[in-house]
Amino acid sequence: MNKTVSINLGGFFFHIDEDAYQKLNRYFDAIRRSLSPDGRDEIMSDIEGRIAELLTEKLKNDKQVVSITEVDQVIAVMGQPEDYRIDEDDKSTGSAYKVPNFVFPRTKKFYRDGDKAIIGGVCAGLGHYFRIDPLWVRILFIISPFVTFGTSAFVYILLWILIPKAITTTEKLEMTGEPINISNIEKKVKEEFSQIADKFGNVDYDKLGNNVKNGAERIGTGVSTAILAILKAVAKVIGALITIFSAIGLGCLLVGLIALLTSSSIAGESWYPYVNSMNYTETPMWVIGIAGFFAIAIPLFSLFLLGLKILSDNLRSVGNLTKYTLVVLWIVSVSACIYLGIMQSAQLANEGKTVVKEQIYLAKNDTLQVKFRYNDYFAKSVSHDYDFRFKQDSLGNEVIYNNDIELFILKTDEAQPYVQVERIASGSTMQQARKSAESIKYSFKIEGNNLILDNYLLTGTDAKFRRQRVEVFLYLPEGVYFHPDKSLQDYDRSDDEFFDLWFDGDHRYQMGKDRVKCLDCVVEGVDGDFEAVEGHPMSEAEIKIQMAEQAAQMKVQAEEMKIQAEETSKNMREQAENMKKQAQQMEEDAKKME
């Protein structure tokens, strides 16, 4: 049983075995004896900080005790002090340690170089990392905003905010990629002392210039600090928003997937018939649900981690195994979704139809009455309520009820008008599409001069939803009169330049040479003449009809006004009688008071 000691090394707290502690202490003493007095404390501080980092990397948790094994491994990395010799005479390299038969591991990290910084030290740090002159990096950042429309400037600001500045000797060595050992730490510290000594030696010569420079640096530092604070706050807000919305999205997706997988009878859900009617590949719903979940959830999870990374600098990585697993799973899920999407689209790639044509025998100068009707078993009005619903017919069979009916008014050169009904559907092949079109149930009838059209179509649920619709084409010869019912308003899809259906009331139309004319859609012109709204003068007979209709309306209005006047006069007489009685009562009361 070994005794343990608690120590504070480089700002880190460790539990260390007593034997390991003694060996580490002897190691520090040996290093301290091998160093020259100049800068010894600073060098030892950096060496202790580096050893603390190495020990932290080797410990699995905070409660693990540092043993002599970890100390030996750290000493192997840092090197033995007695293996070094100081070459003071080499002026080109200064104080340099040489270690025979030992190669230190090199680690390079991206830091901002504050010593060579012009703005934020980003370009200098990139130059160290990629081993190129920072001047070329600075030139690239100056030119790139004109090419990237300012994106590179935004990238520079982000790097300025997110990349730490190299402050300690260890961080500066990591920035340049030099081995972090005793010799390099001492060399770096002595270089910094030499630079400081040079500055103090030149203070008498550059005093005025240094004062100006220091003032400018203080101003620049204050401005950059304020800008950095603002940008950091904005980044934190963006990170919070990304985290919140991605978490909400993940939660909704997870709830939906759990509901899909745990549902005892998916086929009994109200939404299932609609989804299943569009599932042409017959893929199980749980397979589609899982593929869609991972295809959307994994990018949301990445955004969630990104938001957390922006909010917290100490966020642990999910690990390479997890990353690669998620990437592979996402690729498989997206591929499955793309495959299913292509298969779905292929099922609707072609269009087929069936055509029914029926002649309308109309007497000369007779008016064709056109209207839509509804089935009160499925709906309670003729309005275009919805395109796609599952319902039961009168026999209890499930059917797809659809209001996708379109009416087109066209001109024909034939002697008699006729109606052409086209039932249309989509499918993977033209034969399958035509077969689906044949399963559409749609009715209409012609009774004398009345054309009555259904405002709905029916299909069986086994046919699935394949864009079933009905297009009704009403062909009229020139000169034929027709009267469209108000029910046509929801279903007329004719070209407005050819046939403009008025919604303000019932109107009578006539097929003209180039377009349909409205016979009673009238406005009063500036000169007082009656004109059709299209701008063509009306015939004398049409004007007489219009004037007679307006006269009849005026008579009705006059009768209504007369009745209102009589009722008003009667009320006024009753009010006068009441006032007269009240006056008489007041006179009698006055006499009694005398």
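## A walk through helices, sheets and a few unusual backbone angles

Seven residues, Leu135, Trp136, Ile139, Ile142, Ile143, Phe146 and Val147, together make a nonpolar patch of about 810 Å² on the surface. As you turn the structure to find this patch, please keep in mind that the model is predicted. One member to pick out is Ile139, which belongs to helix 5, spanning residues 134–148. Ile139 has a relative accessible area of 34%, so it counts as partly exposed, because that class covers values between 20% and 50%.

Now step back along the chain to the loop between helix 4 and helix 5, where Arg131 sits. Helix 4 covers residues 122–130, and seven of its nine residues are buried, so the helix is mostly covered. The buried ones are Val122, Cys123, Ala124, Gly125, Leu126, Gly127 and His128. Arg131, which follows helix 4, has a positive phi, near 60°. That deserves a second look, because most residues other than glycine have a negative phi. Arg131 is not a glycine, and yet its phi is positive. Its relative accessibility is 59%, so Arg131 counts as exposed.

Earlier in the chain, helix 3 runs over residues 68–78, and its buried residues are Glu70, Val71, Val74, Ile75 and Met78. How do these buried residues fall when seen down the axis of helix 3? They lie within an arc of 135°, so they line one face of the helix. The spacing makes sense in general terms: an α-helix has 3.6 residues a turn, so residues three or four places apart point the same way. Just after helix 3 comes Gly79, with a positive phi of about 95°.

Let us move on to the sheets. One of them is an open sheet of six strands in the order 10-11-5-14-15-16, with mixed pairing. Its edges are strand 10 (444–447) and strand 16 (516–518), each of which pairs on one side only. On average, neighbouring strands in this six-stranded sheet are turned by 25° against each other, direction ignored. Within the sheet, strand 5, made of residues 367–373, runs parallel to strand 14, made of residues 481–484, and the two pair over four bridges. To locate this pairing on screen, look for Thr367, which stands opposite Tyr481 in strand 14.

The loop between strand 4 (350–359) and strand 5 holds Asn365. Here is another residue that is not a glycine but has a positive phi, in this case about 65°. With a relative accessibility of 59%, Asn365 counts as exposed.

Another open sheet has three strands in the order 6-7-12, and its pairing is antiparallel. Strand 6 (389–392) and strand 12 (457–460) are at the edges with a single partner strand each, so one side of each is left without a neighbour in the sheet. The average turn between neighbouring strands of this three-stranded sheet is 40°, direction ignored. Strand 7, residues 398–402, pairs with strand 12 in the antiparallel sense over four bridges. A handy place to find that pairing is Asn402, which stands opposite Leu457 in strand 12.

Note on methods: Residues numbered from 1 in each chain as written. Predicted model: local features only at pLDDT ≥ 70, side-chain atom pairs only at ≥ 80, totals over all residues. Heavy atoms only, no water. Pairing = 2+ DSSP bridges. Axes fitted to C-alpha atoms, helices over the stretch in contact; angles between N-to-C directions. Patch = residues over 30% accessible without salt bridge, like charges linked within 9 Å, V, L, I, M, F, W, Y side chains within 5 Å. Areas by Shrake-Rupley, 256 points an atom, 1.4 Å probe, with all protein chains shown as cover. Salt bridge = Lys/Arg side-chain N within 4 Å of Asp/Glu carboxyl O. Buried < 20%, exposed > 50% of the residue type's maximum accessible area, 1.4 Å probe, protein only. Arc of directions from axis to C-beta.
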